[in-house]
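Trainee: I would like to learn how to read burial and salt bridges in a structure. Could you take me through an example?

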Amino acid sequence: MKVLAINGSHRKGSTLILLEEALKELQDFETEIVSLSDYVLEYCKVCNACKKNGGICIVKDGYEEIAAKMKEADAIIVGSPVYFGSITGMLKTLFDRSRTLRVNWDLKDKICAAIAVGATKHGGQEHTLQAIHSWALIHGMILVADSDPTAHFGGAAVAKQVDNTFEIDEWGFRTARSVGKRVREVLNLIKEKR
């Protein structure tokens with residue numbers, strides 16, 4: 001089984017670190033991290049070509065590779081820093097472009113979990129998690145959050161950049177690990193039923 005982590009940040013910093021922390025709980029599975037900052041993604045223009053073409057987008061850019069990885073994954077963990085109270089523009093672009101995957105319900109019944117990181121406590125992390133949750137629910141995904149001992153809406157951290165390093169709160173690390181733990185638990189339940 002495969003777990004894909006998507007780093008929705010425009011750079012490789014605290015969000016990436018937290019995704020790596022979550023994946024430590026998933027060492028029995030094949031894992032991969034995709035950082036959107038490594039790709040060029042054009043905006044969705046809602047031209048409806050994907051609906052006419054059976055889910056194929058006519059815009060050719062980095063989206064095709066990411067979409068293929070999402071289709072192959074059994075679980076997707078999406079991470080985003082808080083940008084003005086929500087997900088990054090780049091992640092929103094990916095979500096909009098994923099309309100191609102909804103044509104044939106390619107993400108339906110895949111597990112999805114979310115991690116958000118903000119600069120302050122109560123800095124928009126829950127709104128960011130909810131934006132990711134909405135995307136997952138619209139695709140018919142199985143939404144999971146962090147599990148015991150933290151059990152809220154997903155990984156939520158506070159991070160500050162000091163020179164070239166990131167200081168992340170311990171509770172944030174715990175929630176990221178808890179997200180990985182819950183994804184592992186649900187994947188194992190699915191594996192047992194197969």
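Mentor: Happy to! Start with lysine 12: its relative accessibility is 46%, so it counts as partly exposed. That label applies because the value falls between the limits of under 20% for buried and over 50% for exposed. Do keep in mind that this is a predicted model.

Trainee: Which residue forms a salt bridge with lysine 12?

Mentor: Aspartate 38 is the partner, and the closest N and O atoms are 2.9 Å apart. The rule asks for a side-chain nitrogen of Lys or Arg within 4 Å of a carboxyl oxygen of Asp or Glu, so this pair qualifies. Now look at where the two residues sit. Lysine 12 is in the loop between strand E1 (2-7) and helix H1 (14-23), while aspartate 38 is in the loop between strand E2 (30-35) and helix H2 (49-52), so the salt bridge ties together parts that are 26 residues apart in sequence.

Trainee: How many salt bridges does the rule give?

Mentor: The count comes to 12. Another of them pairs aspartate 61 with arginine 97, with 2.8 Å between the closest N and O atoms. This pair links distant parts of the chain, 36 residues apart: aspartate 61 lies in the loop between H2 and helix H3 (63-72), and arginine 97 belongs to helix H4 (residues 89-97).

Trainee: Are aspartate 61 and arginine 97 buried or exposed?

Mentor: Both aspartate 61 and arginine 97 are buried.

Trainee: What about a salt bridge inside a helix?

Mentor: Try glutamate 185 and arginine 182, whose closest N and O atoms are 3.0 Å apart. They are three residues apart in helix H7 (residues 170-193), so about one helical turn separates them. Glutamate 185, at 23% relative accessibility, is partly exposed, and arginine 182, at 29%, is partly exposed too. Salt bridges can also share partners, and in that way Glu21, Lys24, Glu170 and Arg177 are joined into one network.

Trainee: And how do I read the surroundings of a buried residue?

Mentor: Take threonine 100, which lies in helix H5 (residues 99-103). Its relative accessibility is 4%, so it counts as buried.

Trainee: Which residues are in contact with threonine 100, leaving aside its neighbours within four places in sequence?

Mentor: They are Cys50, Gly55, Cys57, Tyr63 and Asp106. You can also compare sequence separation with distance in space: threonine 100 and asparagine 48 are 52 residues apart along the chain, and their C-alpha atoms are separated by 9.2 Å.

Methods
Residues are numbered from 1 along each chain as its sequence is written. This is a predicted model: local features need pLDDT of at least 70, side-chain atom pairs count only at pLDDT 80 or more; totals for chains, interfaces and linings use all residues. Side-chain values use heavy atoms; hydrogens and water are left out. Helices (H or I, at least four residues) and strands (E, at least two) are DSSP runs, numbered from the N terminus. Buried means under 20% relative accessible area, exposed over 50%, partly exposed in between (1.4 Å probe, protein chains only). Contact means heavy atoms within 4.5 Å.
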